[in-house]
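Please open the coordinates in your viewer and keep the selection panel at hand, since this tour proceeds by selecting one part after another.

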4 protein chains.
Amino acid sequence: MYARQMLETHPRKPVADADVLVACIEACHACAQSCTACADACLGEQEIGMLIRCIRLNQDCEDICAITGAMLSRQTEPDWHLMRRQLEACAMSCRICGDECGRHGDRHAHCRICAEACRACEEACNRMITAVPA
Amino acid sequence: MYARQMLETHPRKPVADADVLVACIEACHACAQSCTACADACLGEQEIGMLIRCIRLNQDCEDICAITGAMLSRQTEPDWHLMRRQLEACAMSCRICGDECGRHGDRHAHCRICAEACRACEEACNRMITAVPA
Amino acid sequence: MYARQMLETHPRKPVADADVLVACIEACHACAQSCTACADACLGEQEIGMLIRCIRLNQDCEDICAITGAMLSRQTEPDWHLMRRQLEACAMSCRICGDECGRHGDRHAHCRICAEACRACEEACNRMITAVPA
Amino acid sequence: MYARQMLETHPRKPVADADVLVACIEACHACAQSCTACADACLGEQEIGMLIRCIRLNQDCEDICAITGAMLSRQTEPDWHLMRRQLEACAMSCRICGDECGRHGDRHAHCRICAEACRACEEACNRMITAVPA
């Protein structure tokens, strides 16, 4: 990822702490990719009946993480109320999806890894929420 | 759009009112398209300096409306807390973006039309929020 | 959809025929929504084992149609070689996904409707390809 | 990124070489993020008039890289003709966008870094195209 370099060469200074911001952008991308892959891995399992809710939540979480990462990558004229609201939706999505993936972690290693990605992204979003200007 | 037909032929019954749901899906798609086009039309204007914030908010609103419409298009195993949270982010985005577009409506017809799309989507999201099961 | 109004108020004249362009933007959005809903409806069916490939192709087609519609919504400084290449990928995706959905159309009405959306989008993309400047 | 772990725990074996596949998924995510950030950094520059085409191509490239990365993250029932076609569109987009960013690399460091991300992604896509089963 070039997130840090892109941030450091942006003409406008980021209002939020650069470390927190870069970590959150990277976590959103990692979680989006992981959720795409987990939904697809679940779809390829024999016992798919147990995994329907997991697939569904992975799809939502993939979408939400992808756009939250994109919004955070933009530094020009941000609206911080909107950013915080979207970060809250992203943290909630990662918590709900991570909990569901965690339930299948013993049987399916891809669910265990995806739960890890979700929890890391949830934490990164929560740290970012506290870093957003009031 | 085939949103109504797709909803009526879905194996699981939608928990929310079908009219409200279809209207919100269609409004999200219409607003996403309008925001993509308005960001691009602003980019093609001579006096772009006035329109930087408008472009930025259109980009965020395009992203948020697109995924909110996708989430609403899924009826299998939804998490309603998450749906409500994302709908709240979408309604806020449409209000903020619609307000900014509205400021340029007298000079730029594309901003006036996009403000209309944003307000229609904000209302559709707010109606959908009240229709979501508690 | 506000696609026509947005096109007519854009500061730069579209190089391609407006009717063909608007029809293609709308078909891409309609097909993206239909594919999202069909993947999800398949996920909610009892006999999901038959529908794994259908779900997979719907997910790809949803992604491709969504961004092709977004690219077509931008009139400022387009690269027509790239636009044609992406339209070719979109037309191919709609053909492959529409064929797969068509195979399940007798058993699942959502697949029949989605096949229709895919074919309409394939045709719209093919018309758009011929309308793109050489 | 968890791309490699997700691939290794997927129930279906990837047909293509895992190293090439993981590298391409990661390059697509890195390039999508970089293009989002470069479009936004250009939007924040004083001399934006020179950068209109750069912003436009970054937007297209962001969209194309994001969905190509998502498609590659799915191993269940892929259609390899479609995958190759989308990879060709992605490689072309990275070449065109990278060339445009490269033109502004002397004046704007974010354009120089983004050109690097585009070229890396173009190469990764071209390697992936040769790895896709015929």
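What follows is a walk through a predicted model, going from chain pairs to helix pairs and then to single residues.

**Stop 1: chains A and D**

Begin by selecting chain A and chain D together, and ask what operation lays one on the other. A turn of 180 degrees with a shift of 0.0 Å along the axis places chain D on chain A, with an RMSD of 0.0 Å, and that is the relation of a two-fold axis. To find where chain D approaches this rotation axis, select D:His29, which of the residues of chain D comes closest to the axis, with its C-alpha at 3.5 Å.

Now restrict the selection to the contact between the two chains, which takes 33 residues from chain D and 33 residues from chain A. On the side of chain D that touches chain A, the elements that give two or more residues are α1 (3-8), α2 (18-43), α3 (52-72) and α5 (109-131) of chain D. Of these, α2(D) gives the most, with 11 residues. If you colour this side of chain D by residue class, you will find 16 nonpolar, 13 polar and 4 charged residues. The copies meet through the same surface, because 100% of the interface residues of chain D are also interface residues in chain A.

**Stop 2: chains A and B**

Keep chain A, hide chain D and show chain B. Chain B can likewise be superposed on chain A by a turn of 180 degrees and a shift of 0.0 Å along the axis, the RMSD being 0.0 Å. Here the contact takes 24 residues from chain B and 24 residues from chain A. On the side of chain B that touches chain A, α3 and α4 (80-103) of chain B are the elements that give two or more residues, and α3(B) gives the most, with 11 residues. By class, this side of chain B has 10 nonpolar, 5 polar and 9 charged residues. Since 100% of the interface residues of chain B are also interface residues in chain A, these copies too meet through the same surface.

**Stop 3: the α3 pair between chains A and B**

Within that contact, select residues 52-72 of chain A, which form helix α3, together with α3(B). How do these two helices run with respect to each other, roughly parallel or roughly antiparallel? Their axes come within 10 Å and cross at roughly 175 degrees, which makes α3(A) roughly antiparallel to α3(B), as the angle is over 145 degrees.

Show the side chains next. On α3(A) the contact is made by A:Asp60, A:Asp63, A:Ile64, A:Ile67, A:Ala70 and A:Met71, and on α3(B) by B:Asp60, B:Asp63, B:Ile64, B:Ile67, B:Ala70 and B:Met71. The residues of this contact divide into 8 nonpolar, no polar and 4 charged.

**Stop 4: α2 and α3 inside chain B**

Stay on α3(B), but now select helix α2 (residues 18-43) of chain B alongside helix α3 (residues 52-72) of chain B. The two axes come within 8 Å and cross at roughly 155 degrees, so α2(B) and α3(B) are roughly antiparallel to each other. Looking down on the pair, you will see that α2(B) passes α3(B) in a left-handed crossing. The contact of α2(B) with α3(B) comprises, by class, 17 nonpolar, 6 polar and 1 charged residues.

**Stop 5: α2 and α5 inside chain C**

Move to chain C and select helix α2 (residues 18-43) with helix α5 (residues 109-131) of that chain. These helices pack at an angle of about 150 degrees, their axes lying 8 Å apart, and that makes α2(C) roughly antiparallel to α5(C). The crossing of α2(C) and α5(C) is left-handed, and their contact has 23 nonpolar, 2 polar and 1 charged residues.

**Stop 6: Glu77 in chains B and C**

Finish with single residues, bearing in mind that most residues other than glycine have a negative phi. Select B:Glu77, in the loop between α3 and α4 of chain B: what is the sign of its phi? The value is positive, near 55 degrees, in a residue other than glycine. B:Glu77 is partly exposed, with 17 other C-beta atoms within 10 Å.

Then centre on C:Glu77, which lies in the loop between α3 (52-72) and α4 (80-103) of chain C. C:Glu77 has a positive phi of about 55 degrees, although it is not a glycine, and is partly exposed, with 17 other C-beta atoms within 10 Å.

Notes:
Residues numbered from 1 in each chain as written. Chains lettered and ligands numbered in written order. Predicted model: local features only at pLDDT ≥ 70, side-chain atom pairs only at ≥ 80, totals over all residues. Axes fitted to C-alpha atoms, helices over the stretch in contact; angles between N-to-C directions. Helix = DSSP H or I, 4+ residues; strand = E, 2+ residues; numbered from the N terminus. Parallel < 35°, antiparallel > 145°, perpendicular 65-115°, else oblique. Left-handed = near helix turned anticlockwise from the far one by under 90°. Nonpolar A, V, L, I, M, F, W, Y, C, P; charged D, E, K, R; others polar. Least-squares fit on C-alpha atoms with pLDDT ≥ 70 in both. Contact = placed C-beta atoms within 7 Å. Buried ≥ 20, exposed ≤ 12 C-beta atoms within 10 Å, placed from the backbone.
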